[in-house]
Amino acid sequence: MCLFFPCIWDEVENELGRKVAPGACPYCGGKVQAVDVEGRLRFCFLPICFRFKRKYICTLCSRRLVLYS
């Protein structure tokens, strides 16, 4: 007998703050902002992990920029 249990994976992201980052956008030359984001991963409405990320976004063209080190 196979019991089917519908599991729900959900990831919620909340913006914590924005800061001006050094440098310029390589596509349009606009200013870059660093956005701090808190991510929560939930399994069946139970929180599993919390992650803090920093994303870089151009203010003019609204593109998400990726850092390569």
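**View 1. Strands β1 and β2 pair in the antiparallel sense.** The two strands are joined over 13 bridges. This is a predicted model. Strand β1 covers residues 9-24. Strand β2 covers residues 31-43. One pair to find is E13 and G39: G39, in β2, is the bridge partner of E13. β1 and β2 also form a hairpin, with 6 residues between the strands. In this hairpin, look for G29, which takes a positive phi near 85°.

**View 2. Four strands make one open sheet.** The order is β1-β2-β3-β4, and the pairing is antiparallel. The edge strands are β1 and β4, and each of them pairs on one side only. Strand β4 is made of residues 64-65. Strands of a sheet pair through backbone hydrogen bonds, either parallel or antiparallel.

**View 3. Strands β2 and β3 pair over 12 bridges.** The sense is antiparallel here too. Strand β3 covers residues 46-58. Three residues of this pairing can be followed to their partners in β3. Q33 has I57 as its bridge partner. E38 has F52. F43 has L46. The two strands form a hairpin with 2 residues between them. C44 lies in the turn and has a positive phi of about 55°.

**View 4. Strands β3 and β4 meet over 2 bridges.** Their pairing is antiparallel. Y56 stands opposite L65 in β4. A hairpin joins β3 and β4, with 5 residues between them. S62 is in the turn, with a positive phi of about 60°.

**View 5. A salt bridge joins K55 and E13.** Their side chains meet at 3.1 Å, N to O. The pair links distant parts of the chain, 42 residues apart. K55 sits in strand β3 and E13 in strand β1. E13 has already appeared in View 1, where its backbone partner in β2 is G39. A search of the whole structure finds 7 salt bridges.

**View 6. The largest pocket has a volume of about 170 Å³.** Its lining is made by A21, P22, G23, A24, P26, V32, Y56, L65, V66 and L67. Which strand gives the most to this lining? Strand β1 does, with 4 residues. Y56 and L65, the opposite pair of View 4, are both among the lining residues. By class, the lining has 9 nonpolar residues and 1 polar residue. No charged residue takes part.

**View 7. L16, F50 and F52 make a nonpolar surface patch.** The patch measures about 370 Å². F50 is found in strand β3. F52 is also the bridge partner of E38, again in β3. In a regular strand the side chains alternate between the two faces of the sheet.

Notes: Residues numbered from 1 in each chain as written. Predicted model: local features only at pLDDT ≥ 70, side-chain atom pairs only at ≥ 80, totals over all residues. Heavy atoms only, no water. Patch = residues over 30% accessible without salt bridge, like charges linked within 9 Å, V, L, I, M, F, W, Y side chains within 5 Å. Areas by Shrake-Rupley, 256 points an atom, 1.4 Å probe, with all protein chains shown as cover. Salt bridge = Lys/Arg side-chain N within 4 Å of Asp/Glu carboxyl O. 1 Å grid on protein atoms, 1.4 Å probe; cavity = no way out; pocket = protein on both sides within 12 Å on 5 of 7 lines; lining within 4 Å. Points joined across faces, edges and corners; volume = space filled by probe spheres on them. Nonpolar A, V, L, I, M, F, W, Y, C, P; charged D, E, K, R; others polar. Pairing = 2+ DSSP bridges.
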